[in-house]
Every structure is written in C-alpha cells, then in structure tokens.
There are 2 protein chains.
Amino acid sequence: MLSTTLRDRLGYAFRRPELLAQALTHRSCGANHNERLEFVGDAVLNCVVAAALFERFPAIPEGELSRVRASLVNRGTLARLARGLSLSDDVRLGEGELKSGGADRPSILADALEAVFGAVFVDAGYDAARAVVEHVYAGELADIDPAALGKDPKTRLQEWLQARKIAVPDYAVTLVAGEAHAQTFTVECRIPTLAIAATGSGTNRRAAEQDAAAEAYALAVARGG
Amino acid sequence: MLSTTLRDRLGYAFRRPELLAQALTHRSCGANHNERLEFVGDAVLNCVVAAALFERFPAIPEGELSRVRASLVNRGTLARLARGLSLSDDVRLGEGELKSGGADRPSILADALEAVFGAVFVDAGYDAARAVVEHVYAGELADIDPAALGKDPKTRLQEWLQARKIAVPDYAVTLVAGEAHAQTFTVECRIPTLAIAATGSGTNRRAAEQDAAAEAYALAVARGG
C-alpha cells in the first residue's frame with residue numbers, strides 16, 4: 001500500500017522496498033531508522049541541485065549559486081515538498097512522537113525526504129537518485145527567477161516584499177564578538193508581517209546584514225511566496 | 001605538458017581539457033576562473049565520500065559518519081592531497097598572488113582540487129568523478145580506523161595524543177552567548193605542543209568541548225598523524 005502510492009508520487013519503483021521502509025522510519029520507531037540514509041540523501045540532494053544550477057545558469061557566480069541552493073535544500077523547502085508527497089501519511093514514528101504530532105513536524109518530514117533520496121541512491125545509484133530529486137524539485141527549479149539571481153540579498157528581499165506590499169525589514173546588530181581586529185557581527189533581520197526573524201553573521205555589519213537578508217528571503221519564499 | 005602529467009596522477013583523461021585548465025585557474029588570473037567548478041566539486045566530493053563511508057561502515061551511526069567525512073573533506077586534508085598531486089605546479093594565479101606565495105596557500109590548493117573534481121563531473125558525469133575522488137582519496141579511506149569510529153571525540157583525541165606521548169589538551173570556555181534558556185557555548189581546545197587551538201560550539205559546555213575536540217583531532221591528524 002505504502003510503496004504503491006508513494007512510488008507513483010516519487011516516479012520511482014524500489015528494487016529493494018525495505019530501503020524505502022527504512023527511509024520512512026524515524027529513530028523513535030526502532031533501531032533500523034533512517035538517519036544513515038538521511039546522511040547519504042543530504043549529500044546526494046546537494047550534489048544534484050548543485051549540478052542542476054551549474055547547468056541551468058552558466059553565467060551566475062558561485063556565491064549566488066550557493067545561496068539559491070541553500071534556499072532549495074533547507075528544512076522549510078524540504079518539509080513543504082514532503083507534504084506535497086503526503087510523506088506524513090507514510091512516516092513511521094514511535095508512540096510518543098506520534099501523539100505529539102511528529103508526523104507533521106518539519107524536521108521529521110525534511111529528514112524523511114532526504115532519507116528517501118538516499119534510499120534511491122543506495123538502491124540504484126546516482127542517476128536514479130538524480131531523476132527522483134529532479135522530479136520532486138521540478139516546480140522549484142522551474143520557479144527560479146534568473147532576473148533575481150544577480151542581485152544582492154538585501155535588494156532582492158526588499159523588491160520581493162515591495163511586490164507583495166509588505167513593509168521593509170528591520171536590521172539590528174544583536175552581537176559583536178571577538179577581538180577588535182577580528183570581530184564577528186551578528187545581525188537580525190525582522191519582517192514582523194511574516195513573523196520572520198532571521199540571523200546572519202559576517203566580519204562587518206554590512207556583510208552580516210546581507211547574510212541575514214539571504215536567510216530571511218529563503219524563509220519568506222518557503223512560507224509560500 | 002600540464003595535462004599529460006596531471007592526467008596520470010589523477011588517473012583521468014579529460015575529453016575537454018579546457019575544463020581542467022579552468023579548474024586550475026584562480027580568480028586572480030582572469031574571468032574564466034574555477035569558482036563555479038569548485039561549487040560543483042565540493043558537492044560531488046561530499047557525496048562520493050558520504051557514499052563511500054556509508055558502504056564501508058554499515059554499523060556506524062550518522063553522527064560519526066558526518067564527523068569522519070568532515071575530517072576528510074576539510075581544507076587541510078584537501079590541501080595535503082593537492083600537494084601530493086603537485087597541483088601547485090599547475091595552478092594559474094595572477095601576478096600578485098604568485099608573488100605572495102599563493103601557489104602554496106592551503107585555501108587555493110584545496111579550492112583547486114575541489115574544482116578538478118567538479119571539472120571531471122562536468123566532463124563525464126558522476127561515475128567518472130567518483131573514480132577520481134576514490135583514486136585521490138585511496139590512502140585516506142584505507143587509513144580510517146574502524147576501532148576509533150565509535151568513540152566520542154574527546155576520548156579519541158586523548159588516546160591519539162597519548163599514543164604519541166603528547167600532553168593532553170586544555171579546554172576553556174571562551175564565549176557564552178544568547179539568553180539564559182537558549183545559550184550557545186564556545187569552547188577552545190588547545191594542544192600547545194602541536195600549536196593547535198580549535199574552537200567548537202554547542203548548547204552546553206560538554207557538547208561544545210566535544211565539538212572542539214573533533215576539530216582539534218581533525219587538525220592534529222591533518223598535520224601528519
């Protein structure tokens with residue numbers, strides 16, 4: 001039952017269905033849980049998305065590719081995609097986690113989806129895993145706006161908010177650590193309308209603001225741009 | 001010349017030698033530099049090493065696999081492997097970098113080696129890149145001591161130092177940040193004999209010490225275990 005429907009949604013039939021079962025098993029549910037597969041899946045996902053971005057955007061510098069990838073593979077995006085696959089119906093949890101609503105917890109869903117990617121890789125290799133990742137991420141990859149890619153994070157965030165008539169963010173330095181010649185600034189970027197408070201860090205205030213803006217942008221888009 | 005000898009050391013002949021040339025070009029040397037290939041190569045390296053560890057150590061938990069991978073793909077290990085391949089002879093730098101000894105700088109060597117892995121991936125796909133990574137990392141992968149894998153980082157570091165008659169490390173809390181209910185501890189692990197000062201962080205002192213010990217262990221091993 002489990003693997004029949006999920007098979008269609010993933011576009012992949014497992015040779016060893018026990019790998020899929022393991023990928024969907026949270027550690028609260030027993031020893032044969034999904035953490036090792038998640039370790040592999042996280043690496044496979046990062047690699048497939050890196051390669052896809054490299055190919056699709058031949059003129060975009062590395063820093064920007066990194067930022068876009070981070071927004072695609074973060075917990076929020078993964079949990080949203082996992083919900084789209086109805087993964088919460090199939091995740092196996094211990095009783096405690098189940099009662100406390102674990103099946104809809106973003107971290108559990110995100111980890112399970114990564115473990116599914118890892119299971120496909122272990123089952124049939126890189127090309128099979130790439131096909132499944134690209135199938136699951138088809139909408140995300142198609143939605144990337146090349147025009148927004150060249151922009152610095154603060155500009156991009158501001159334009160995104162303005163297009164939605166949302167008030168511009170506040171930036172505030174929350175921590176300055178380290179000695180005078182090697183300080184690290186921590187900045188918080190707050191968007192009260194969206195209940196977002198993202199932190200970023202850098203060796204100066206401006207860099208920390210850009211870092212916080214990139215994180216806030218990823219959160220804002222993940223909450224349903 | 002360049003690609004003939006390096007080809008033998010890598011165990012790989014490029015279909016498109018211009019990709020290898022780009023992988024060896026630092027940004028100080030022109031627009032067609034290696035940063036985008038490094039982005040891909042970093043992801044490929046992480047994936048190949050994750051898969052190799054998953055396969056070789058079927059009973060080791062995820063956290064430990066992550067730590068071992070981190071020690072294999074960090075800048076120190078990459079720079080050492082790049083020196084073993086005599087990559088510094090082939091790296092192309094701008095005049096300023098060249099004069100200031102950039103060809104032997106660990107970050108430049110490490111980035112170039114990652115870019116080479118990325119170039120193989122772009123040239124011929126995942127399996128070709130996996131073969132090159134496994135060829136370059138053959139010694140590292142063979143040297144992993146399964147007996148040390150199950151141990152916590154502080155124990156492992158201490159045993160490693162004792163076996164070499166080096167004095168045990170000092171641990172000191174250098175920063176406590178955040179509000180009372182959500183503090184982050186930063187700990188420094190110092191091994192004066194090896195001139196190592198590694199930092200780690202965690203939500204309590206013990207976790208931060210373990211994190212610092214893991215980093216110190218990686219540095220100690222990279223300096224020529």
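**Figure 1. Shared surface between chain A and chain B in the predicted model.** Of the interface residues of chain A, 100% are also interface residues in chain B, so the copies meet through the same surface. Contact here means that two residues have C-beta atoms, placed from the backbone, within 7 Å. In this predicted model, local features need pLDDT of at least 70 and side-chain atom pairs count only at pLDDT 80 or more, while totals for chains, interfaces and linings use all residues. Residues are numbered from 1 along each chain as its sequence is written, with chains lettered from A and ligands numbered from 1 in the order in which they are written.

**Figure 2. Superposition of chain A on chain B.** A rotation of 180 degrees, with 0.0 Å of shift along its axis, superposes chain A on chain B at RMSD 0.1 Å (least squares on C-alpha atoms of residues with pLDDT of at least 70 in both). The two copies are thus related as by a two-fold rotation axis.

**Figure 3. Domain 1 and domain 2 of chain A.** An automatic or database domain assignment gives chain A domain 1 (2–144) and domain 2 (151–222). Their C-alpha centres lie 28 Å apart. Domain 1 gives seven residues to the contact and domain 2 gives six residues. On the domain 1 side, α4 (62–73) and α5 (75–84) of chain A each give two or more residues. That side has one nonpolar, four polar and two charged residues (nonpolar: Ala, Val, Leu, Ile, Met, Phe, Trp, Tyr, Cys and Pro; charged: Asp, Glu, Lys and Arg; polar: the others, Gly among them).

**Figure 4. Helix α4 of chain B.** Helices are DSSP runs (H or I, at least four residues), numbered from the N terminus. This one has twelve residues (62–73). At 1.5 Å a residue, times one less than the number of residues, helix α4 should span 16 Å; its end C-alpha atoms are 16 Å apart, which agrees. B:Leu65, B:Arg67, B:Val68, B:Leu72 and B:Val73 are buried (20 or more other C-beta atoms within 10 Å of the residue's own, placed from the backbone).

Technical notes
Buried ≥ 20, exposed ≤ 12 C-beta atoms within 10 Å, placed from the backbone.
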